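The following exercises concern the sheet, the domains and a ligand shell of one model. Each task is followed by a worked solution.

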Amino acid sequence: MMEQSSIDLWKPVKVVKLKIYRYNPKKDFSPKWKEYEIEVSRGTTILDALIRIKEEVDPSLSFRYSCGQALCGSCAMMVNGRQMLVCRTRVLEAAHNRDFVELRPLDNFPVIRDLAGDFTSFFEKHRAIKPWIIRRDFEELDNPTGEYKQTIEEYARYYQFTDCLKCGACYSACPTVATDHEYLGPQALAQAYRYMVDSRDDGLDERIAILDSDHGCWRCHFAASCSDVCPKYVDPAQGIQLLKKLIVRRKFGLKPHRPSDALPSKIGEVKRR
Ligand code: SF4
Ligand code: SF4
């Protein structure tokens with residue numbers, strides 16, 4: 001039975017036309033569209049189709065991918081006008097009720113070539129929010145007396161944001177990024193929230209200047225198109241609104257909740273005295 005269904009999955013069932021954006025800014029005067037027809041089975045993903053076109057039809061076609069299983073986030077592109085990971089989108093799904101499948105690079109990213117966008121600015125913004133746990137108990141870090149404990153509730157506050165692949169889909173869908181190229185964008189802001197709400201983190205003061213700036217979280221209009229396209233069901237729009245709340249609390253002198261039992265025993269004892 002298993003054998004039968006796997007054969008059906010890979011049996012060619014249809015010829016589909018892919019209309020692909022082609023542009024090499026170093027030598028082309030303007031972008032153009034090129035069409036390729038390819039025979040697909042029920043299981044063929046758009047990434048499979050692109051790889052086949054590159055290997056068998058047109059080796060000059062450029063696109064980015066790595067893991068092929070929706071874990072690395074590098075194959076995000078516009079499929080029929082919507083941000084998607086092509087490794088987990090089947091051609092037949094995208095071609096449903098259409099004459100062709102249209103592929104172009106992610107909006108809001110400069111084109112390097114064809115379907116590959118330039119992520120330099122995106123990753124600079126990600127780095128700018130210091131995406132790591134910041135602590136000030138240097139003595140404890142150098143000579144640990146125990147582990148940093150965390151309750152399930154504390155973990156639940158940031159857990160969904162740890163699923164972020166840095167695929168850029170949310171950034172590409174954001175209308176604010178489209179009009180303000182310096183805006184940090186949904187990915188970086190949601191990651192800032194992820195670290196600042198972590199009970200082990202003490203980096204609020206270090207991150208506040210950039211987050212509470214002209215191009216920080218207040219530029220977000222909460223249209224939520226970022227959350228709508230996230231392939232990992234992260235909700236960056238929600239993270240940004242919670243980040244705003246965190247910053248307002250700080251302005252009123254209210255500290256984020258940080259129970260002492262999240263700390264190693266030695267520090268916990270000092271705090272409890
Ligand atoms: S939040 Fe979602 S859409 Fe945005 S970069 Fe992370 S995984 Fe991609
Ligand atoms: S909710 Fe904010 S970050 Fe998300 S798309 Fe809208 S403006 Fe951009």
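**Exercise 1: the shell around ligand 2**

H12 (236–251) supplies three residues to the shell around ligand 2, the largest share. The model is predicted: local features need pLDDT of at least 70, side-chain atom pairs count only at pLDDT 80 or more, and totals for chains, interfaces and linings use all residues. Residues are numbered from 1 along each chain as written, while chains are lettered from A and ligands numbered from 1 in written order.

Task: characterise the shell around ligand 2 by nearest residues and by class.

Step 1. A residue counts as near if its C-beta atom, placed from the backbone, lies within 6 Å. Of the 14 residues around ligand 2, Cys174, Pro186, Cys220, Ala223 and Cys226 come nearest.

Step 2. Helix H11 (225–229) and H12 each give two or more residues; helices are DSSP runs (H or I) of at least four residues, and strands (E) of at least two.

Step 3. The classes are 11 nonpolar, three polar and no charged residues, where Cys, Pro and Ala are among those counted as nonpolar.

**Exercise 2: the sheet**

Task: determine the strand order and the edge strands.

Step 1. Five strands form an open, mixed sheet in the order S2-S1-S5-S3-S4; strands pair if DSSP finds at least two bridges between them.

Step 2. S2 (32–41) and S4 are the edge strands, as each pairs on one side only.

Step 3. Strands S3 (residues 76–79) and S5 (residues 100–104) run antiparallel and are joined by two bridges. Val79 has Leu103 in S5 as its bridge partner.
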